[in-house]
Amino acid sequence: MDIYTIISAGYDLLLGAWLKDGSTHPLTAAAGLIPDKRSRVLDMCCGTMSNGLAIAAKNPANTVVGLDRSKPMLRQARRKSGKMHLDNVKLLCRDAADTGLRDGCFDHIILGLVLHECTEQLRRDILDEARRLLSPDGTLIVIEWEREESISRKLRFAPVYILEILTTPRFFKDFYHSDKEKYFERHGFIVRESIRCNYTTVISMSKREAGV
Ligand SMILES: C[S@@+](CC[C@H](N)C(=O)[O-])C[C@H]1O[C@@H](n2cnc3c(N)ncnc32)[C@H](O)[C@@H]1O
């Protein structure tokens, strides 16, 4: 049984406590990067789909697909989407590293708070799949935990930090302390914008053309 089977029902409450604690909510920043025009958005590793549902509600012209491998997390996403009466949302139970979807079929892809919990290999596989699924002019938007400067913010973030280290001891620390912009540049993306939010950074990128 994976951790998301246990925490799916309380996940939004757990996360909300930190993401709301400050000035800019990453969800608002990410949604602000996607215009309300006919386009396809993939919330990859969507979990309970807070990001994708906020975008679907803000942008009725978008079609928003939520994809995750955890059925309990998708169940929460379906419950929330039903409550919001959104008709521009679809859910898929798939592995993000091997979605089986066709090349270039999304204009925007969001990867929210997942890469830090992946092995280096899975992280690369998910990013390769995101590159493949993005249209040539598409945008990849990554939301990731970001290092805090002040002692008080570090202390407030400590429970999340400890939980992440306990659940993914080998991968979290390396990625959390890395320079993420450089990491994505090394993996075939061009960083267009970074927005500092509560305990997180929202990074918007485009694909670097093959061989460039
Ligand atoms: C920390 S949650 C983040 C959920 C959501 N994106 C957010 O920002 O709140 C990570 C999610 O990634 C999903 N996940 C992890 N590896 C995956 C994979 N290889 N394929 C599909 N989903 C995956 C987990 O099931 C979980 O729902």
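# A guided tour, strand by strand

Start by selecting aspartate 43, which lies in strand E1. Strands (E, at least two residues) and helices (H or I, at least four) are DSSP runs, numbered from the N terminus. Before you go on, a word about what is on your screen: this is a predicted model, in which local features need pLDDT of at least 70, side-chain atom pairs count only at pLDDT 80 or more, and totals for chains, interfaces and linings use all residues. Residues are numbered from 1 along each chain as its sequence is written, and side-chain values use heavy atoms, with hydrogens and water left out.

**Stop 1: around aspartate 43**

Is aspartate 43 buried or exposed? Aspartate 43 is buried, yet has no salt bridge. Buried means under 20% relative accessible area, exposed means over 50%, and partly exposed is in between (1.4 Å probe, protein chains only). A salt bridge is a side-chain nitrogen of Lys or Arg within 4 Å of a carboxyl oxygen of Asp or Glu. For charge, Lys and Arg count as positive and Asp and Glu as negative, while His and the chain ends are not counted. The nearest side chain of opposite charge to aspartate 43 is lysine 80, 8.4 Å away.

Now show the surroundings of aspartate 43. Leaving aside neighbours within four places in sequence, its contacts include Met49, Val65, Leu67 and Ile110; contact means heavy atoms within 4.5 Å.

From that list, pick methionine 49, in the loop between E1 and helix H4 (50-58). Methionine 49 has a positive phi of about 65 degrees although it is not a glycine. At 0% relative accessibility, methionine 49 counts as buried.

**Stop 2: strand E4 and its partners**

Next, select residues 106-112, which are strand E4. Six of these seven residues are buried, so E4 is largely enclosed by the rest of the structure.

Which strands pair with E4? Strand E1 (residues 39-44) pairs with E4 in the parallel sense over four bridges, and strand E5 (residues 134-145) runs parallel to E4, joined by six bridges. Two strands count as paired if DSSP finds at least two bridges between them. To see both partners, click on isoleucine 109: leucine 42 stands opposite isoleucine 109, and so does leucine 140 in E5.

Now add helix H6 (residues 120-133) to the view: E4, H6 and E5 make a right-handed β-α-β unit. To check the handedness, turn the strands to point away from you; a crossover is right-handed if the path from the first strand over the helix to the second runs clockwise.

On the way from E4 to H6, stop at leucine 113 in the loop between them. Its phi is near 50 degrees, a positive value in a residue other than glycine, and at 10% relative accessibility leucine 113 counts as buried.

**Stop 3: salt bridges**

How many salt bridges does a search of the whole structure find? The search finds 11. Here are three to visit.

- Select aspartate 103 and arginine 132: their closest N and O atoms are 2.5 Å apart. This pair links distant parts of the chain, with aspartate 103 in the loop between strand E3 (89-93) and E4, and arginine 132 in helix H6, 29 residues apart. Aspartate 103 is exposed, at 55% relative accessible area, while arginine 132 is partly exposed, at 27%. Add Glu129 to see a network of salt bridges linking Asp103, Glu129 and Arg132.
- Select glutamate 120 and arginine 124, with closest N and O atoms 3.3 Å apart. Both lie in helix H6, four residues apart, about one turn of the helix.
- Select glutamate 148 and arginine 196, with closest N and O atoms 3.5 Å apart. Glutamate 148 is in the loop between E5 and helix H7 (151-167), and arginine 196 is in strand E6, 48 residues apart. Glutamate 148 is buried, at 9% relative accessible area, while arginine 196 is partly exposed, at 39%.

**Stop 4: histidine 187**

Finish at histidine 187, in the loop between helix H9 (180-186) and strand E6 (189-197). Histidine 187 is buried, with a relative accessible area of 18%. Leaving aside neighbours within four places in sequence, histidine 187 is in contact with Glu120, Arg124, Leu127 and Arg131. Two of these, Glu120 and Arg124, you met as a salt bridge at the previous stop.

What does the side chain of histidine 187 reach at 2.8 Å? The answer is the backbone oxygen of tyrosine 183.

Definitions and conventions
A polar contact is a pair of N or O atoms within 3.5 Å; within protein, one must be able to donate a hydrogen and the other to accept it, and residues adjacent in sequence count only if both atoms are side-chain atoms.
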